[in-house]
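Reader: I'd like to go through this structure with you and ask how each label is earned. Could you show it to me before we start?

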Amino acid sequence: MPYILNTPADQKAMLEAIGVGLIDDLFAQIPSELRLNRPLNLPPALTELELTAHMERLAAQNAACGEKVCFLGGGSYDHFVPAVVDDVAGRGEFYTSYTPYQAEVSQGNLQVFFEYQTMITQLTGMDVSNASLYDGGSAATEAVLMCMSASNKQGRVVTAASVHPEYRQILETYFAHLGTTLVTVGTPQGSVDPEELAQSLTDDTACVLIQHPNFFGCLEDVEKIAQAAHERGVLVVVSVDPISLGLLKRPGDYGADIVVAEGQSLGTPMLYGGPYLGIIACREQFVRRMPGRIAGQTVDRRGKRCFVLTLQTREQHIRREKATSNICTNQGLFALRASVYLAAMGPQGMREVATACLRKSRYALDKLTSGERFSKKFERPTFKEFVVRDSAGNVSELVAEALDRGYFAGVPLGKWYPELDDCLLVCVTEKRTKDQIHGLAKVMADGRKQKADGRKRSAQPATAP
Amino acid sequence: MRNTRSTQLLFELSRSGRRSARIPSDEVSTAPVESLLPTSALATAPPPLPELAEPDIVRHYANLSTLNMSVDTHFYPLGSCTMKYNPKRNERIASLPGIANLHPYQPEETLQGLLAMLHELQEMLAEIAGLDAVSLQPAAGAHGELTALMVAAAHFRARGEKRTKVLAPDSAHGTNPASAAMAGFDAVTVHSNEDGSVDLDDLRKKLDRETAVFMITNPSTFGLFERNVKQIAEMVHERGALIYLDGANMNAILGITRPGDFGADMMHFNPHKTFSGPHGGGGPGAGPIAVRKFLEPYLPLPVVERSGEEYRLVWNRPQSIGRVRSFFGQVGVLVRAYCYIRTHGAQGLKEVSENAVLNANYLLSRVKHILPVPQGNRCLHEFVATAGKLKADRGVSAMDLAKRLLDYGYHSPTVYFPLTVRESMMIEPTETESKETLDAFAETLFRITEESPELLHEAPHTTTISRPDEVQAARKPIVRWTPA
């Protein structure tokens, strides 16, 4: 086996030193009736060459973004990743190390986490960040649980239909076991009505969870929402797209108590949804309720500045069933990627990415809705995603046609929102070019023609521009 | 020689006006952002991030990386974490564009290769577990525990049974009781015997009709196989409760025994340990779970199913607990696990466990004279030694040994876990170390125990920092940089 170093001679010498005859004797403590008396039923072993060929074959059966032009969003985004991110994250000293239990030989990781935490607070305008959670959905869930424990209100959590439907589904799963009610305020206009939201707040409401820009790409009235919630003594959790913070006001500046985000946009490939980066940041007063790892600055015995994992009494290896959360790891490698990404972008780069997303997506919205078939579904201002309505009500066929011609046209919304069965969520990142946007517009316009003519779908594969 | 300038904080290296990445922005429009978004939503300035050029960044991180110990550079016998070598082929494969550039919402017909792989992984994990059905969704081991406990809760709810308690031994990972609490159960601790096995009398006393699940780590945290596991499973099943296996220690038993065969109804895998995903400085991991057939309807969604030649995601299971994670889970880690299992096959996986156990026993035989192993002369993949006598005789603690090992170029074993052993050091060499490395490590331990206690109290001496003040860090937390 390629990763085992013991030669037969080594094995023999080691067994002699131990004082047993056979390796099998070392398993004597496992009762024989519990031993598997046959080989596992697994496919045969592959050499590196065979495995590589096999995996390349499987990979080739997928159509990847790049091969198709990607207008998909909804929480996972095709943003540009500077080479420096891959270069740094590819260093074995980072990716083959582990949780920094021994601070003296983990200053690299600990400093990275400290810098990551700092940059997340700079980006969000909050006081404190942890060193990351599993993903955006787990960050939203953990933030809500934090609010429930901080406010000592378990009865009710209010959210909006414009929050990522999968994040809300995760909350439903957790709440089924905690007895908490999730109240979802509808968003027929594409964003939540702050007054309607205010009316759903009760004395036992722990927090409000909103998303800004929301799942439809629309901006929410965040200031009014935060104000209404705080007037009722309800905490405010905001889920953001970190890229949008190159342009939009920071959540700390409009009153968020906890900010969460899916950090994939910050330098991590889409990888079919994971592993990603759960960002969570909060106001100072909640720091001891924060789940997950936190790096802190201190001095060593010689007085030198250094970094350690800190506030560990919140964690389950000390508090066990009374821990603030059962999470015992972070997404260290992706916190590193986000750090390098943010360092490479800097203030101006973040502004440029956000501006490019905004301008290109508006341009695409105008192009797509310039004909008769597609219209803008919501009147709210949008950032990098938007919803278009297909007057022909034929979104699934449209997506299939576009795919044949080399485009992932967007995410059909009917799966989560039956009332939006005729709608498509389209995302335009800085990577999309003018030609690609024109290409999508043409494909969608042709789709109209084909439907009117009753012609069959073109079987001819087209190459993407 | 260390480059000390490059280990200044990014914020201290920042110079106003430096740039690295630039984004083309005016191809479609130069409309001012104020004309596209309401000014009330806009920030008045860009976020106050550091300003750096690419060489600053590369040198900074390259130098920081040298301050880490890692599996690529050092022996890392961190017990219970299974720090084995991370195959390079898996890294290259996981970054193939046909895998890395897949969007979670692209149509299923464009994902057939990936879904075929995930489906095969589900089947391979079920076979290794000796159980029937697998969910790849959970994001980490602790997340797998929580998910499985929710599955158990749904099962009992469907049967109309009100069961409120989850039992776990005091030697269990702290995530066990924390997960139980989060799934809405009362966590109850069961005592362990001296040898780390479950105290059957205490289990019997605490096991009742209110008990939903008994969580067991087998092989245990002490690297021992729970001899009474069959009897325990019978006791638990007799009361109508379920057995959950914490799969953290699967590296010891691949192809040798299967949790399903020794009574487990549910388990999680830690693919980053057992199947060697890189640990990434503390993540990502993954936490797929395997369950018996009768629990399958409750698994979180989606799962991958095969129908004829096609693979698809299944959503229509009305009894499912729902979603536990956005999108499909830690796919990048699962790809590595798949590659690892396909590299080894049945015989190879068995050899992995055999050599992991051989290495652990060999190291145990070499160190037990100076660091006694209270739980005996044999172990599986890891063992727990104690520095209790050294502490009593010479005032040298497990922490002193751990810190001094760093000077000699070894990552320290896990210290002070499990909590039930005084001055404990949990050592797990894994199968990817050589006899030479184990010999050198054992000899280093001898040498250290003969060094002066004063020298050891102040260790490490050669690292860039030594013995950070953790009390101050927790008392007055400084968790971000602020300008002086």
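Reader: What makes A:D390 and A:R373 a salt bridge?

Author: Happy to start there, with the reminder that this is a predicted model. The closest N and O atoms of A:D390 and A:R373 are 2.5 Å apart, and the cut-off is 4 Å, so the pair qualifies. A:D390 lies in strand β12 (residues 385-390) of chain A and A:R373 in the loop between α11 (332-368) and β11 (374-376), so the contact ties together parts that are 17 residues apart in sequence. Both A:D390 and A:R373 are buried.

Reader: What makes A:R389 and A:D422 a salt bridge, and where do the two residues lie?

Author: Their side chains meet at 2.9 Å, N to O, which is within the 4 Å limit. A:R389 belongs to strand β12 of chain A, while A:D422 sits in the loop between β14 (411-412) and β15 (423-427) of chain A, 33 residues apart.

Reader: Why is A:R389 called partly exposed, and is A:D422 buried or exposed?

Author: A:R389 has a relative accessible area of 30%, and partly exposed covers the range between 20% and 50%, so the label follows. A:D422 is at 18%; buried means under 20%, so A:D422 counts as buried.

Reader: How do you know that A:E48 and B:R89 form a salt bridge?

Author: Their closest N and O atoms are 3.7 Å apart, and that is within 4 Å. This pair crosses between chains, from A:E48 in helix α2 (residues 48-60) of chain A to B:R89 in helix α4 (residues 88-94) of chain B. A:E48, at 33% relative accessibility, is partly exposed, whereas B:R89, at 11%, is buried.

Reader: How many salt bridges are there over all chains, and which residues are linked in a network?

Author: The search of the whole structure finds 54. B:K293, B:E296, B:E305, B:R312 and B:R317 are linked in a network of salt bridges.

Reader: Now to the strands. What makes β9(A) largely enclosed?

Author: Four of the five residues of β9 (residues 295-299) of chain A are buried, so the rest of the structure largely encloses it.

Reader: How do you know that β9(A) and β10(A) pair?

Author: Pairing takes at least two bridges, and β9(A) and β10 (residues 305-309) of chain A have five, in the antiparallel sense. Within that pairing, A:V299 stands opposite A:R305. The hairpin has five residues between its strands, and A:G303 takes a positive phi near 85 degrees there.

Reader: Why are β1 and β3 of chain B said to stand at the edges?

Author: The sheet of chain B is open, with seven strands in the order β1-β7-β6-β5-β4-β2-β3 and mixed pairing. β1 (133-135) and β3 (186-190) each have a single partner strand, so one side of each is left without a neighbour in the sheet. From one strand to the next, the twist averages 20 degrees.

Reader: What makes β6(B) and β7(B) a pair?

Author: Three bridges join β6 (residues 266-268) to β7 (residues 289-291) of chain B, and two would be enough. The two strands run antiparallel, and B:M266 has B:V291 as its bridge partner.

Reader: Which helix lies across β5(B)?

Author: That is α7 (residues 141-158) of chain B, running at about 170 degrees to β5(B). α7(B) also lies across β2, β4, β6 and β7 of chain B.

Reader: What is the span of α6(A) set against?

Author: α6 (residues 136-151) of chain A has 16 residues and reaches 22 Å from its first C-alpha to its last, close to the 22 Å expected. 13 of those 16 residues are buried, so α6(A) is largely enclosed by the rest of the structure. Just after α6(A), A:N152 takes a positive phi of about 55 degrees.

Reader: Which residues have the most contacts inside the largest nonpolar core?

Author: B:Y61 and B:V213, in a core of 155 residues. The largest share of this core, 17 residues, comes from α11(A). Beyond its neighbours within four places in sequence, B:V213 has contacts that include B:L149, B:L167, B:Y244 and B:M266.

Reader: Last one: why is A:G66 called exposed?

Author: A:G66 has 66% relative accessibility, and exposed means over 50%, so the label fits. A:G66 lies in the loop between α2 and β1 (69-70) of chain A.

Methods: Residues numbered from 1 in each chain as written. Chains lettered and ligands numbered in written order. Predicted model: local features only at pLDDT ≥ 70, side-chain atom pairs only at ≥ 80, totals over all residues. Heavy atoms only, no water. Axes fitted to C-alpha atoms, helices over the stretch in contact; angles between N-to-C directions. Contact = heavy atoms within 4.5 Å. Buried < 20%, exposed > 50% of the residue type's maximum accessible area, 1.4 Å probe, protein only. Expected span 1.5 Å × (residues − 1). Core = buried A, V, L, I, M, F, W, Y, C linked by side-chain atoms within 4.5 Å.
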